[in-house]
Amino acid sequence: MLSMVNKANDFLWNVLLIVVLCGTGIFFTIRLKFIQIRKFGEGCKLVFGHMSLKGNRSGKGEMTPFQSLATAIAAQVGTGNLAGAATALLGGGPGAIFWMWVSAFFGMATIYAEASLAQQYKTVMDGEVTGGPIYYIKAVFKGRGGKILAGIFALLVILALGFMGNMVQSNSIGDAFSKVFEARNISISPVIIGIVLAVFAGFIFIGGTSRLAAVVEKIVPFMAGIYIIGSLILIFSNISQIPVAFRMIFVGAFHPKAVLGAGAGIAVREALRFGVARGLFSNEAGMGSTPHAHARATAKNPHEQGLTAMISVFIDTFIILNLTVFSILTSGVLDSGESGVALTQAAFLAGFGSVGDIFVAVCLLFFAFSTILGWHFFGEINAKYLFGKQGAKLYSLLVLAFIITGSALKVDLVWSLADFFNGLMVLPNALALLALSGTVAGICKKFSMKAGPRL
């Protein structure tokens with residue numbers, strides 16, 4: 001079973017999705033006249049101008065623009081930023097990071113399209129504002145075909161994010177803390193960690209969108225700030241290695257053997273493949289997940305929410321993920337034999353001594369737990385669409401069960417299945433984005449002509 005899923009993933013992530021996702025990003029970059037450059041400053045002003053911890057009191061399930069951004073980042077910044085970057089470095093060499101930057105640059109245009117369409121086609125269901133790809137898929141593909149495609153997408157979100165995705169997030173938390181406990185001869189079952197996670201998650205689930213938004217708008221700045229400070233201390237303690245790290249990235253992107261040696265067996269193809277695939281998996285641009293959050297924002301217009309969404313990709317890939325990359329490269333632990341989050345822990349152990357692995361485990365706890373909250377929320381919207389309110393309640397209970405189960409298992413198959421369903425999510429979403437490209441361009445042109453944000 002595992003080998004079959006891995007073969008399917010090889011085709012999806014190594015060929016089809018790289019073409020679809022990068023192609024979509026390049027298309028929107030050109031059609032929107034490099035919006036990620038032209039409007040980057042305006043996007044930053046919108047994000048930090050709306051930064052507030054007071055929340056939204058409309059009672060309609062809406063979020064402030066900052067809350068929607070925080071929810072999107074909560075979903076994006078997960079284990080991929082600590083483990084995914086390490087996987088890209090090992091699988092594709094340092095050159096993979098260059099291609100990760102390239103994919104994220106084009107992904108900023110894609111996520112602008114997703115967020116602006118989510119705002120354009122949001123609706124009210126059971127007294128709450130809601131939206132996401134299912135609504136713009138139905139808007140562009142009329143009739144029975146559109147309903148079927150939207151239904152398939154909704155089911156894929158539930159499986160990929162709500163169930164298997166959250167299972168592997170809790171597994172990563174359990175694994176990181178298990179290593180910390182084992183190093184100190186402390187015996188605590190990973191199941192206990194899973195139960196604690198499920199209790200806290202369940203409390204937030206019960207509170208609905210308002211409680212979720214109130215939590216993530218506080219967790220995201222805190223977790224990002226702690227990790228940024230710790231990583232910068234580590235990186236600048238090895239400041240002489242920063243130019244070396246940049247050289248490894250740029251040379252490795254086009255000539256990996258010059259960096260890793262002739263016996264490494266890594267070619268430009270592997271650097272491109274791992275960089276693009278892991279970059280897209282990390283920032284989720286084009287996957288159709290984060291538009292669920294951006295649809296809930298009380299934005300002045302779809303264009304402004306699209307600009308806000310662009311900044312989430314920048315924060316995820318160009319800031320948080322790069323901190324992990326340079327922490328590893330400047331610490332000289334790339335050849336340590338460790339992989340995944342253990343490689344990141346090795347970097348911080350080298351810099352911070354015995355507290356390094358604890359620092360990474362705590363950061364991973366916040367990152368992965370916030371992803372659990374975001375992914376549950378995205379899945380819940382689709383569960384309500386397919387099965388109604390009662391079905392959504394059952395969905396939440398199942399998510400809690402998967403959190404507990406995932407914390408204790410070796411879930412190689414579940415990781416592979418999550419990758420597979422995540423990949424399948426892209427296809428109906430990308431079809432709808434391209435079919436609605438005229439609408440996206442119209443939104444950009446219409447609202448770009450108006451005055452900039454009032455701060």
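This text walks through the pockets, salt bridges, one helix and a few unusual backbone spots of the structure above. Please keep in mind that the model is predicted.

Let us begin with the empty space. Rolling a probe the size of a water molecule over the atoms shows where empty space is left. The largest pocket holds about 840 Å³ of space. Its lining consists of 31 residues, and those nearest the centre of the pocket are Asn171, Ser172, Gly340, Asp412 and Trp415. Many parts of the chain take part: helix 1 (2-31), helix 5 (79-92), helix 8 (143-183), helix 13 (268-283), helix 16 (341-352), helix 17 (356-408) and helix 18 (412-435) give two or more residues each to this lining. Helix 8 gives the most, with six residues. If you are thinking about the chemistry of the wall, the lining of the largest pocket has 13 polar, 11 nonpolar and seven charged residues.

The second largest pocket has a volume of about 450 Å³. Here 20 residues form the lining, and Phe205, Glu380, Lys384, Ala392 and Lys393 lie nearest the centre. At least two residues apiece come from strand 2 (128-130), helix 9 (190-206), helix 10 (208-237) and helix 17. Helix 17 supplies the largest share of this lining, with nine residues. By class, the lining of the second largest pocket has seven charged, eight nonpolar and five polar residues. Helix 17 is therefore worth following by eye, because helix 17 is among the elements that give two or more residues to the largest pocket and gives nine residues to the second largest one, where elements are DSSP runs.

Next come the charged pairs. Side chains of opposite charge can pair when their charged atoms come close. With a cut-off of 4 Å between the side-chain nitrogen and the carboxyl oxygen, the count comes to five salt bridges. One of them joins Lys39 and Glu42, with 3.4 Å from N to O. Are these two partners buried or exposed? Lys39 counts as buried because its relative accessibility is 14%, under the 20% limit, and Glu42 at 17% is buried too.

Two further bridges tie distant parts of the chain together. Arg296 and Glu128 meet at 4.0 Å, N to O. Arg296 sits in the loop between helix 14 (291-294) and helix 15 (302-331), while Glu128 belongs to strand 2, and the two are 168 residues apart. Arg296 is buried, with a relative accessibility of 3%, whereas Glu128 is partly exposed at 25%. In the other bridge, the closest N and O atoms of Arg184 and Asp357 are 3.0 Å apart. This pair spans 173 residues, from the loop between helix 8 and helix 9, where Arg184 lies, to helix 17, which holds Asp357. Arg184 is partly exposed, with a relative accessible area of 29%, but Asp357 is buried at 7%. Shared partners also join Glu128, Arg296 and Lys384 into one salt-bridge network. You have met Lys384 already, as one of the residues nearest the centre of the second largest pocket.

Helix 9 deserves a look of its own. Its 17 residues reach 24 Å from the first C-alpha to the last, close to the 24 Å expected at 1.5 Å a residue. Which residues of helix 9 are buried? They are Ile193, Gly194, Leu197, Ala198, Ala201, Gly202, Ile204 and Phe205. Because these residues cover an arc of only 165 degrees around the axis, they lie on the same side of helix 9. The face turned away from that buried side carries the exposed residues Val199, Phe200, Phe203 and Ile206.

Finally, a few single residues. Most residues other than glycine have a negative phi, and most peptide bonds are trans. Phe34, although not a glycine, has a positive phi of about 55 degrees. Phe34 is placed in the loop between helix 1 and helix 2 (35-38), and at 40% relative accessibility it counts as partly exposed. Glu284 is another non-glycine residue with a positive phi, of about 65 degrees. Glu284 lies in the loop between helix 13 and helix 14 and counts as buried, at 2% relative accessibility. As a last stop, find Val102 in helix 6 (residues 95-120). Val102 is partly exposed, with a relative accessible area of 27%. Val102 and Leu272 are 170 residues apart in sequence, and their C-alpha atoms are 9.8 Å apart in space.

Note on methods. Residues numbered from 1 in each chain as written. Predicted model: local features only at pLDDT ≥ 70, side-chain atom pairs only at ≥ 80, totals over all residues. Heavy atoms only, no water. 1 Å grid on protein atoms, 1.4 Å probe; cavity = no way out; pocket = protein on both sides within 12 Å on 5 of 7 lines; lining within 4 Å. Points joined across faces, edges and corners; volume = space filled by probe spheres on them. Helix = DSSP H or I, 4+ residues; strand = E, 2+ residues; numbered from the N terminus. Nonpolar A, V, L, I, M, F, W, Y, C, P; charged D, E, K, R; others polar. Buried < 20%, exposed > 50% of the residue type's maximum accessible area, 1.4 Å probe, protein only. Expected span 1.5 Å × (residues − 1). Arc of directions from axis to C-beta.
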